[in-house]
Amino acid sequence: MLFKNIGLVTEDFSYREGMYVGTIEDRIVYIGETAPSEDSGSAPEEELFKITVSSNPRKSGESSGCCGHVYKSGETHPLYGEVYDGTGKVLMPAFYNAHGHSPMCLMRGYGENLPLDRWLNEKIFPFEDKLYSEAVYWSTLLTMAESIRYGIVSTSDMYYFIDDMVRAISVSGMKSNISRAVASIGCEKLEDCIGYREMRETIMMYDGFANGKIIVEASAHAEYTNSEYFLRAIAETAKEFDVRMHVHVAETESETKGCIERYGRTPVAFLADCGLFDVPANAAHCVWLTDEDRDILAEKKVSVSSNTVSNMKLASGICDVPALYAKGINVAIGTDSVASNNSLNFFEEMKLFALCGKFRAMDPSVMTPEQVLHSATRSGAIAQGRMDAGLIKEGFKADLIVVDASVPNMKPSHDILNALIYSADGKDICLTMCDGKVLYRDGIYMTMDVERAMAEAENATKKILSLM
Ligand SMILES: [Zn+2]
């Protein structure tokens with residue numbers, strides 16, 4: 001696809017108008033202020049991947065090709081295919097959701113206004129006890145539909161029923177860093193724990209699946225749901241298979257105090273001692289941290305996924321993101337599940353992430369738009385080990401979204417980067433592309449029957465409630 005005359009969030013998170021961006025297969029191969037040559041198809045390969053950005057971008061209007069050709073909407077470029085008219089629109093990197101539990105969408109709005117322990121024990125755990133294979137398939141597919149509608153192309157997804165999740169994710173065309181979370185309370189031996197066995201099987205079966213779209217990670221659900229023996233075994237598994245780690249860390253004050261009572265150390269210090277951060281790791285939440293904890297996370301190069309809406313809804317606390325930024329920690333953004341969110345609207349997530357950072361620091365100058373956009377995109381890709389993704393850059397994966405800036409909530413626009421964080425809405429997204437393939441466009445879901453996914457997910461919810 002060739003995007004023409006489009007506003008562009010560049011690789012250094014500045015903004016330029018009137019740009020051309022070309023994709024071939026799964027890659028971004030052209031960025032420039034003029035249309036690419038039509039005969040590039042016969043050019044040497046290194047020429048096709050050459051980036052061209054000059055210092056005085058075109059402002060608006062029809063854009064001339066290098067040979068005087070004027071591309072119109074609906075036209076086809078011989079090398080890039082469809083020409084997409086980006087007038088009044090913004091092209092930015094797609095979002096990487098750094099923490100989620102996709103099948104929990106069946107519990108959207110179920111168990112509202114409860115503290116975390118009652119929410120889990122009285123509502124979520126009894127519901128999950130009745131989950132079954134097809135319910136997980138349809139709920140995951142519905143979550144994928146909502147994700148691509150809100151510009152998310154990849155989620156760090158921690159749950160179980162992995163076969164059914166992978167099936168749905170593959171249908172959607174999205175990517176996933178998936179993990180079978182281990183919660184081993186009640187188990188003494190490794191072989192007695194279904195979660196531990198399934199975590200290992202999942203890694204062996206699916207890591208690198210779907211041309212690398214599926215990355216499998218090791219996962220301890222949390223410190224408080226595992227013994228030290230199991231935590232060390234999970235860390236060893238990650239090292240054995242050379243995979244990443246995904247774990248809930250210091251989400252609530254009571255969890256953090258409990259860990260100090262049990263082990264005399266904070267969750268971050270204790271999990272580090274158990275070896276969980278000896279591989280590239282993604283620590284979800286990190287609300288209750290000490291300065292020493294932040295030093296450990298920085299030293300171990302752990303990514304933090306901050307889940308602002310979920311943390312606020314369950315009144316768990318507010319992650320001190322400016323303090324993490326100050327230590328040079330890679331801070332990504334997660335939604336957590338819609339059971340505690342209750343949506344995957346990533347623009348809403350990004351805005352509250354920025355506002356809570358400012359509010360906690362009592363300083364409106366922190367959380368710059370460049371930092372916040374980086375956290376929503378590039379930092380999420382880094383947290384997933386997708387090092388060639390999350391930026392609009394030569395040779396990078398074509399994971400892109402188009403945002404309509406010709407809507408009342410975006411006018412007038414004094415600064416488009418700030419407007420993207422504070423004024424844009426998730427429903428202003430008009431196109432989501434993953435690995436060069438359009439998954440969503442102008443209300444149309446290209447890879448799935450969304451009406452059926454909604455109906456099947458509702459039927460599954462009714463069935464589970466009837467079994468409880
Ligand atoms: Zn979670």
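**View 1. A284 and S305 in the paired strands β12 and β13.** A284 stands opposite S305 in β13, in a predicted model where local features need pLDDT of at least 70, side-chain atom pairs count only at pLDDT 80 or more, and totals for chains, interfaces and linings use all residues. Residues are numbered from 1 along each chain as its sequence is written. Strand β12 (residues 281-285) and strand β13 (residues 303-306) pair in the parallel sense over three bridges, where two strands pair if DSSP finds at least two bridges between them. Strands (E, at least two residues) and helices (H or I, at least four) are DSSP runs, numbered from the N terminus.

**View 2. The open sheet of eight strands.** The eight strands follow the order β7-β8-β9-β10-β11-β12-β13-β14, with parallel pairing. Because β7 (95-100) and β14 (331-333) each have a single partner strand, they stand at the edges, and one side of each is left without a neighbour in the sheet.

**View 3. Helix α6 and its surroundings.** The end C-alpha atoms of helix α6 (residues 228-241) are 20 Å apart, which agrees with the 20 Å that its 14 residues should span at 1.5 Å a residue, the expected span being 1.5 Å times one less than the number of residues. The buried residues of α6 are F230, L231, A233, I234, A235, T237 and A238; buried means that 20 or more other C-beta atoms, placed from the backbone, lie within 10 Å of a residue's own. Among the elements covering these residues are α5 (194-206), β10 (214-222), β11 (245-249) and α8 (267-273), with contact taken as C-beta atoms, placed from the backbone, within 7 Å. Just after α6, D242 takes a positive phi of about 55°.

Technical notes: Buried ≥ 20, exposed ≤ 12 C-beta atoms within 10 Å, placed from the backbone. Contact = placed C-beta atoms within 7 Å.
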